[in-house]
Amino acid sequence: MNGLLMKYFGGVSTKDSAGIYAYVLVMKDLVRWLLPIAACLLLVGARLERRRGIELLAGCRYGTAGRWWRSRFWDSQRFGMKAGIAMLAAVAAFDAVTAAVSGMSAAAAGLSALLWLVHMAVILSFLLLLDLTAFRRFAAGALLLLEGLSFLEGVADRRLAPFMWGMWGMYCQSSRYDSRFGISSGAALLLEGGLLLLFYLAGSVRQKRAGEKR
């Protein structure tokens with residue numbers, strides 16, 4: 001029996017999926033996977049809204065749009081990662097107390113946590129980029145939709161799975177778990193690291209251009 005860590009942070013297993021009943025189980029597990037992601041997005045989004053009123057003063061304090069973006073980006077990332085680590089620690093403690101992790105190795109638990117945290121950092125970086133646009137009110141919902149739809153597309157066509165964003169953070173979709181169809185964890189982490197850097201640089205460029213126009 002897998003504990004809460006695997007159920008909520010390990011991803012959705014499709015190794016033995018077949019038939020309509022299995023598809024229903026996949027959808028149920030996908031909703032469960034999206035819950036902690038949604039919690040992090042809501043926490044960071046609420047914090048951004050609270051701080052929006054003082055952004056003019058913050059911009060003056062940092063002097064340049066680039067410095068403001070750098071501070072905002074990494075400050076929000078730290079906040080989001082602390083929230084994610086707190087959730088991971090809570091479910092790991094619960095699993096340890098209830099001895100609900102039989103059959104799950106420490107290595108599997110560690111890789112699950114690493115993949116999820118890196119994936120969450122990339123999602124947050126995209127949220128922060130979208131928050132610079134008029135689309136910010138819909139950003140969290142759009143990111144959850146992207147997560148779910150890209151995962152389902154990877155399930156529907158396994159040839160596309162390595163390119164589907166929604167699968168990269170799942171231990172249950174890694175080659176460590178599914179040697180036949182799983183995605184290389186190293187490749188997934190490398191891709192997500194590249195995306196995080198891309199979103200950060202895109203936000204920096206956008207803010208610098210916005211500052212020049214002003």
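In which helix is S185 found? In this predicted model, S185 turns up in helix α7, and that helix covers residues 185-213. S185 counts as buried because its relative accessible area is 11%, under the 20% cut-off. Setting aside residues up to four places away in sequence, S185 touches L111, L115, S174, S175 and R176. S185 also helps to line the largest cavity, which comes up again further down.

Before going on along α7, a quick look at the whole protein is useful. The protein has 214 residues, and 44% of them count as buried. Its secondary structure is made up of seven helices and zero strands, so the run of elements from the N terminus, going by DSSP, reads α-α-α-α-α-α-α. Contacts that reach a long way along the chain are well represented: taking contacts between residues at least 6 apart in sequence, 73% join residues at least 24 apart.

Back in α7, three further residues show how this helix sits against other parts of the chain. L189 has its place in helix α7 and counts as partly exposed because its relative accessibility is 24%, which falls between the 20% and 50% limits. Its C-alpha atom is separated by 7.1 Å from that of V118, although the two residues are 71 residues apart along the chain. V118 is also among the residues that L189 contacts once neighbours within four places in sequence are left aside; the others are L114 and L115. L115 appears in the contacts of S185 as well.

A bit further on in α7 comes G194. With a relative accessibility of 38%, G194 is another residue that counts as partly exposed. G194 and V122 lie 9.2 Å apart in space, C-alpha to C-alpha, with their positions 72 residues apart in sequence. L197, also found in helix α7, pairs with V122 too: here the C-alpha atoms are separated by 8.8 Å, and the residues are 75 residues apart along the chain. L197 is partly exposed, with a relative accessible area of 48%.

V118 and V122 both fall within the span of helix α5, residues 106-130. How do α4 and α5 pack, in terms of angle and distance between axes? Two packed helices are described by the angle between their axes and the distance between the axes. Helix α4 takes in residues 65-98, and it packs with α5 at an angle of about 145°, the axes being 10 Å apart. The crossing of the two helices is right-handed. On the α4 side, the contact is made by W69, R72, F73, S76, Q77, G80, M81, G84, I85, M87 and L88, while α5 brings in A113, W116, L117, M120, A121, L124, S125, L128 and L129. Sorted by class, this contact has 14 nonpolar, five polar and one charged residues.

Some of those residues also meet F9, which lies in helix α1. Is F9 buried or exposed? F9 is buried, because its relative accessible area comes to just 2%. Residues up to four places away in sequence aside, F9 touches L4, W33, P36, M87, L88, V91, S112 and W116. For one of these, L88, the C-alpha atoms are 7.9 Å apart, with the residues 79 residues apart in sequence.

Now for the empty spaces. The structure holds one cavity of 30 Å³ or more, and the volume of the largest cavity is about 40 Å³. Its lining consists of L115, M167, W168, M170, Q173, S174, I183, S184, S185 and A188. In terms of class, that makes six nonpolar, four polar and no charged residues. L115 and S174, both part of this lining, are also contacts of S185.

Among the pockets, the second largest has about 240 Å³ of space. N2, M6, K7, G11, S13, L25, D29, R32, C172 and Y177 line this pocket. Helices α1 (4-9) and α2 (19-51) each supply at least two of the lining residues, and the largest share, three residues, comes from α2. Unlike the cavity lining, which has no charged residues, the lining of this pocket has three charged residues, together with four nonpolar and three polar ones.

How values were computed:
Residues numbered from 1 in each chain as written. Predicted model: local features only at pLDDT ≥ 70, side-chain atom pairs only at ≥ 80, totals over all residues. Heavy atoms only, no water. 1 Å grid on protein atoms, 1.4 Å probe; cavity = no way out; pocket = protein on both sides within 12 Å on 5 of 7 lines; lining within 4 Å. Points joined across faces, edges and corners; volume = space filled by probe spheres on them. Helix = DSSP H or I, 4+ residues; strand = E, 2+ residues; numbered from the N terminus. Nonpolar A, V, L, I, M, F, W, Y, C, P; charged D, E, K, R; others polar. Buried < 20%, exposed > 50% of the residue type's maximum accessible area, 1.4 Å probe, protein only. Axes fitted to C-alpha atoms, helices over the stretch in contact; angles between N-to-C directions. Left-handed = near helix turned anticlockwise from the far one by under 90°. Contact = heavy atoms within 4.5 Å.
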